[in-house]
Amino acid sequence: MPRFPPSPSPNHLLRLFSSSNKRSSSSSPTAALLSGDFHLRQQFSSGNAARAAKGEKEPWWKESMNRVRNIGISAHIDSGKTTLTERVLFYTGRIHEIHEVRGRDGVGAKMDSMDLEREKGITIQSAATYCTWKDYKVNIIDTPGHVDFTIEVERALRVLDGAILVLCSVGGVQSQSITVDRQMRRYEVPRVAFINKLDRMGADPWKVLSQARAKLRHHSAAVQMPIGLEENFKGLIDLVHSKAIFFHGSSGENVVAGDIPADMEELVAEKRRELIETVSEVDDVLAEKFLNDEPVTAAELEEAIRRATIAQKFVPVFMGSAFKNKGVQPLLDGVLSYLPCPTEVNNYALDQNNEEEKVTLTGSPDGPLVALAFKLEEGRFGQLTYLRIYEGVIKKGDFIINVNTKKRIKVPRLVRMHSNDMEDIQEAHAGEIVAVFGVDCASGDTFTDGSVRYTMTSMSVPEPVMSLAVQPVSKDSGGQFSKALSRFTREDPTFRVGLDPESNQTIISGMGELHLDIYIERMRREYKVDATVGKPRVNFRETITQRAEFDYLHKKQSGGAGQYGRVTGYVEPLPADSKEKFEFENMIVGQAIPSGFIPAIEKGFKEAANSGSLIGHPVENIRIVLTDGASHAVDSSELAFKMAAIYAFRLCYTAAKPVILEPVMLVELKVPTEFQGTVAGDINKRKGIIVGNDQEGDDSVIQAHVPLNNMFGYSTSLRSMTQGKGEFTMEYKEHCAVSNDVQTQLVNAHNATKATD
């Protein structure tokens, strides 16, 4: 498929590009030449001629779709991705001045639109925005870098066609970079890497490149190299087009191409050859030229990089310093040149009418409407739903159907988002990211026009690992309190709310201390509700380790109709690799128990498994098999069998040798080498297992598996152990069985609380 089909009619372009009519101020002839615009036009005209000769006619939307890019910017904490987004918006003319992240100037970065984000200098919600660069529409989703907010990152990646992975030239590949990269791989997102902060002391892009190859297993090579580093960082050399690039003007808005400095020519030739060699390993067309020692033109190299990047076999590496306004425009050119347009990405839907069979979506506006709600926000005008349109066209005033709830909804208002500002539009096509108002749905719901019943594959949502008891300080704010909680649960699937039946307290659960702190803070800011917070609680689980038989008769006669139900069978642990947490199997032959009562028995076992007898936490990885039973013509009822199942489970549970499982976290620490011994000793004290220890300059990077129960308040103790120089990140790894002494402690503590209640 040629990359640029012939031009559509002016009317179509007008309709599709009414918002993009102003050409970016940055696309000077020099920059156009650098970005390969010249080569693209040549290819465009030759493609035109070829098709005219064949008498083919391209669909009207083809050209406009080729000019759309949906990208995300993901990175480790403090790699400078919000700063990078701010510069992108500035150069594409979406904003007219640059603000810094921490809001020191009282304004704050455009993408960090919540007060809380400006104060903490971190990005929490992924704000969506769109901009135009060289007549291309670019939708950008800014994603959080904290592990606690990985659901935001996952949701953003689910709807993207390509991504920029930002790496810090000093910090290199850090723990969160690995997590984000793993998520990109899961959702098969082609990516380019951007090594940022080349102006900082200790910047070493080549070290970062080798780390990306080793730790992220990237097949990558630099498409640029810096002219000078640290305070001598002056510009970049484009290895594809063999040009030097300099950035002039107060905000680096004037991109000037020049000759490569004489003292660098040899190194540039070597790095360009390395780039060609690396790409030729994964691209047959280029490999042929490389092996025959034929010269490779810039156009051929660019085409090969594009093919390999879209096929996820290669990651081109760009460089620069967003804070010093260097390298952002060539990165934007790289996004256009190397990342795919919506029609070049394979998206699948599940056909609900055909037993969830996988269907490949064409990605064209001519097909039936298929759109995914990937993010919800409570705006000033009601619920705002972000939609990624995979196929078809959505218009204001149209009726659309929520496949998950089967509700028919009218689209009252359609907007294009720019962080928290919005602009009204009349219609949107496949490949675009828009927002709609007044549509009641949950995140992950699929919308169609009713002609098909497709759902997009559900996003994997991790289980919460930590809980807190919360209650409003004043009784009057109860209404606002529940309003806040219901909004947060709709917005974020990893945030759960429940009620503790014993203490009658509201329990909130999430992905870590920071995650829950942010929500309590948001409650105070946005809903003016002060909440008291109890001690954090770890989400333990229970499981069984061996098979146990049960045979229980539930019999009750108290005048009138009695209760009678007998259940016989066994419980056993599920295999370790099982995806299911609970399985119920009915293996009764004949009619010992009428089939109408079987669902009640399953319900009873499920209810009993919600609370194990060791510490009252849910029982997991358990298989219950019903082999026999007995019923009474008059006294048997659903309630009788449900009660029989509950008591049968409790009776056989102890015989099945139950154990307690606790969440174990993967903790990555970065501490100066002189504190390594102290920190490692402390990890052992917390019953952690150290699984890796690398040296990075003067720092030690320690990886350990530590039970979450022993990690509360760890940030404070790490600061005091390392004089404030240590940092750590942690994410959920798995639930593991606790040791016998810990199990005894937990059971005794649970029994003591039960006795006092």
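**Figure 1. Helices α5 and α13 cross in this predicted model.** Helix α5 covers residues 81-91 and helix α13 covers residues 328-338; the two pack at an angle of about 85 degrees, and their axes are 10 Å apart. Angles from 65 to 115 degrees count as roughly perpendicular, so α5 is roughly perpendicular to α13. If you would like to find the meeting point yourself, look for L84, R87, V88 and Y91 on the α5 side. Their counterparts in α13 are V328, Q329, L331 and L332. What kinds of residues make up the contact of α5 with α13? Six are nonpolar, one is polar and one is charged.

**Figure 2. Helix α13 also meets helix α12.** Here the partner is α12, residues 298-310, and the axes of α12 and α13 come within 9 Å, crossing at roughly 75 degrees. These two helices are therefore roughly perpendicular to each other. From α12, the residues in the contact are E302, I305, R306, T309 and I310. From α13, they are L336, S337 and Y338. Sorted by class, this contact of α12 with α13 holds four nonpolar, two polar and two charged residues. As you compare this view with the one before, it helps to keep a general idea in mind. Two packed helices are described by the angle between their axes and the distance between the axes.

**Figure 3. P340 sits in a loop that follows helix α13 on the way to strand β12.** The loop lies between α13 and β12, and β12 spans residues 347-351. Is P340 buried or exposed? Its relative accessible area is 1%, so P340 is buried. Now try to spot R69 in this view: P340 and R69 are 271 residues apart in sequence, yet their C-alpha atoms are 6.9 Å apart in space. Leaving aside neighbours within four places in sequence, P340 is in contact with V68, R69, D161, P190, R306, I310 and V345. Two of these names may look familiar, since R306 and I310 of α12 also take part in the contact with α13.

**Figure 4. Four strands form an open sheet with two helices packed against it.** Reading across the sheet, the order is β31-β32-β34-β33, and the pairing is mixed. Which strands are at the edges? They are β31 (548-556) and β33 (582-586), each of which pairs on one side only. Neighbouring strands in this sheet are turned by 25 degrees against each other on average, with direction ignored. Helix α16, residues 598-609, packs on the sheet and touches β31, β32, β33 and β34 (622-630). The direction of α16 makes about 150 degrees with that of β33. Helix α17, residues 638-653, lies across β31, β32 and β34, and runs at about 40 degrees to β32.

**Figure 5. Strands β31 and β32 pair side by side in the antiparallel sense.** Strand β32 covers residues 563-573, and nine bridges link it with β31. To see one place where the strands face each other, find K555, which stands opposite Y564 in β32. Further along, E572 also lies in β32. With 18% relative accessibility, E572 counts as buried, because buried means under 20%. The side chains of E572 and R623 are joined by a polar contact of 2.4 Å. Not counting residues up to four places away in sequence, E572 touches I544, R547, N621, I622 and R623.

**Figure 6. E620 lies in the loop between α16 and β34.** Its relative accessibility is 12%, so E620 counts as buried. Which side chain shares a 3.0 Å polar contact with that of E620? The partner is R541. Apart from residues up to four places away in sequence, E620 touches R541, E542, T543 and K581.

**Figure 7. Strand β37 pairs with both β35 and β36.** Strand β37 spans residues 699-707 and is mostly covered, with seven of its nine residues buried. Nine bridges join β37 to β35 (residues 658-672), and this pair runs antiparallel. For one such match, look at L669, whose bridge partner in β37 is I702. Strand β36 (residues 689-696) also runs antiparallel to β37, and seven bridges join the two. In this pairing, Q695 stands opposite S700 in β37. One general pattern is handy when you look at strands: in a regular strand the side chains alternate between the two faces of the sheet.

Note on methods
Residues are numbered from 1 along each chain as its sequence is written. This is a predicted model: local features need pLDDT of at least 70, side-chain atom pairs count only at pLDDT 80 or more; totals for chains, interfaces and linings use all residues. Side-chain values use heavy atoms; hydrogens and water are left out. Two strands pair if DSSP finds at least two bridges between them. Axes are lines fitted to C-alpha atoms, for helices over the stretch in contact, and angles run from 0 to 180 degrees between N-to-C directions. Contact means heavy atoms within 4.5 Å. Buried means under 20% relative accessible area, exposed over 50%, partly exposed in between (1.4 Å probe, protein chains only). A polar contact is a pair of N or O atoms within 3.5 Å; within protein, one must be able to donate a hydrogen and the other to accept it, and residues adjacent in sequence count only if both atoms are side-chain atoms. Angles under 35 degrees count as roughly parallel, over 145 as roughly antiparallel, 65 to 115 as roughly perpendicular and the rest as oblique. Ala, Val, Leu, Ile, Met, Phe, Trp, Tyr, Cys and Pro count as nonpolar, Asp, Glu, Lys and Arg as charged, and the others, Gly among them, as polar.
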